[in-house]
Amino acid sequence: MLVHHEEHRPHLFWQKLRVNLEIFDDILDHISNHPIFQNQSNNPQLPVSIQLTIFLNWVGHYGNSISLEDVAQWAGMSVGSVVNCTNGVMIVVLDAHDQFICFPAGNSDDADLACKFAESHTCPEWKGGFLAIDGSTMNLFMKPGYYGETFYDRKSNYSLGCQAVILPHNLLIVDYSLGHPRSVHDAFAFRSTRLYDKHTDLLPDGHWVWADSAYPLEPWCIAPFKRPRNGWLTKDQKTFNYHLSKVCFFSGFQLIFIYVDSCLC
């Protein structure tokens, strides 16, 4: 079925695996030679492409529609095989973590493209804003066993909060912080990030991070002006906020959905 979708209905391929064919092939090329997929048994493993397909299908969906039994029936294999495939691919992903999640150097191509993006959407003086930070939600499978109520968020879910630092031109995640309940305000969770503690080492001179109004205003963290209580923004402040909104990552970042089917027990 996926082969048919791959050739004739790519949108259905993406709907099932949450990646397009090019990204799928790229991931497959990166992980295929990992030792986890090699064994000396007389019973060979499933092809890596099938294991990756099962992994992407399971982690790319959330809720009752993607239970372990449903994935096993969809894949035509046992529940244990689904678990083994998922665990194997996850081991490979974790091994490659530092290879793909890292701050870009100030003279890197990614940093240059991000600066050009900011400049093209605002003005030349603002090209130093080559990173952006925002909070996202990682829904938990169920209420945690310890201090469960603290994980209850404003959307009536039990969840963790993730602070993610991205490149605004392509939404590539370069760093993240995970651990606080999503009920914690972004400004407080931000203080636990490596970026907050080591911004002088991570950010080149003349560069900064874009953020939304939930974050504190710092020389290296630029956020929109907030309307004062019982007051109004000045004309210059409104103009500043208008042009800042042209760096269209605030809404774009909401396209990143991360889910965790796990429980803190």
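Buried here means under 20% relative accessible area, and Asp 175, at 10%, counts as buried. Keep that cut-off in mind for what follows, and remember that this is a predicted model. The protein has 265 residues, of which 38% count as buried, and its fold is made of 12 helices and 6 strands.

**Overall picture**

- Taken along the principal axes, the box filled by the C-alpha atoms is roughly 70 × 45 × 35 Å.
- The accessible surface adds up to about 15,800 Å², and carbon and sulfur atoms own 55% of that.
- If you look at contacts with a separation of 6 or more, 57% of them are between residues 24 or more positions apart.

**Nonpolar cores**

- The largest nonpolar core has 20 residues, and Leu 131, Ile 133 and Leu 195 are the ones with the most contacts inside it.
- Helix H8 (109–121), strand E1 (129–139) and strand E2 (159–167) are the elements that give two or more residues to this core.
- Another core lies apart from that one; it has 13 residues, among them Leu 17, Leu 28, Phe 55 and Val 92.
- Leu 131 is worth clicking on: leaving out residues up to four places away in sequence, its contacts include Phe 103, Pro 104, Val 165, Ile 166 and Leu 167.
- Leu 131 also touches Pro 168, Val 174, Leu 203, Trp 208, Val 209 and Trp 210.

**A nonpolar patch on the surface**

- Met 90, Val 93 and Leu 94 form a nonpolar patch on the surface, and together they have about 260 Å² of accessible area.
- Leu 94 belongs to helix H6, which covers residues 79–95.
- With 54% relative accessibility, Leu 94 counts as exposed, because the bar for that is over 50%.

**Salt bridges**

- The count comes to 4 salt bridges, and three pairs are picked out below.
- Arg 194 pairs with Asp 175, with 3.5 Å between the closest N and O atoms.
- Arg 194 sits in helix H10 (residues 194–197) and Asp 175 in strand E3 (residues 172–181), so this salt bridge ties together parts that are 19 residues apart in sequence.
- The two partners differ in cover: Arg 194 is partly exposed at 40% relative accessible area, whereas Asp 175 is buried at 10%.
- Asp 112 and Lys 116 meet through their side chains, at 3.2 Å from N to O.
- Asp 112 and Lys 116 are 4 residues apart in helix H8, so about one helical turn separates them.
- Both ends of that helical pair are partly exposed, with Asp 112 at 37% relative accessibility and Lys 116 at 48%.
- Lys 143 forms a salt bridge with Glu 149, and their closest N and O atoms are 2.7 Å apart.
- Lys 143 is partly exposed, at 37% relative accessible area.

**Cysteines**

- There are 0 disulfides in the structure.
- Cys 115 is in no disulfide, and the nearest cysteine sulfur, on Cys 123, is 13 Å away.
- A disulfide needs the two sulfur atoms within 2.5 Å, so Cys 115 and Cys 123 do not qualify at 13 Å.
- Cys 115 is buried, at 11% relative accessible area, while Cys 123 is partly exposed, at 24%.
- Cys 123 is in the loop between H8 and E1.
- From Cys 123 to Thr 200 the C-alpha distance is 24 Å, and the two are 77 residues apart in sequence.

**Backbone spots to check**

- Arg 18 has a phi near 65°, which is positive although the residue is not glycine.
- The loop between helix H2 (10–17) and helix H3 (21–31) holds Arg 18, and at 35% relative accessibility Arg 18 counts as partly exposed.
- Ser 156 also has a positive phi, of about 65°, and is not a glycine either.
- Ser 156 is in the loop between E1 and E2 and is partly exposed, with a relative accessible area of 48%.

Terms used. Residues numbered from 1 in each chain as written. Predicted model: local features only at pLDDT ≥ 70, side-chain atom pairs only at ≥ 80, totals over all residues. Heavy atoms only, no water. Patch = residues over 30% accessible without salt bridge, like charges linked within 9 Å, V, L, I, M, F, W, Y side chains within 5 Å. Areas by Shrake-Rupley, 256 points an atom, 1.4 Å probe, with all protein chains shown as cover. Buried < 20%, exposed > 50% of the residue type's maximum accessible area, 1.4 Å probe, protein only. Core = buried A, V, L, I, M, F, W, Y, C linked by side-chain atoms within 4.5 Å. Contact = heavy atoms within 4.5 Å.
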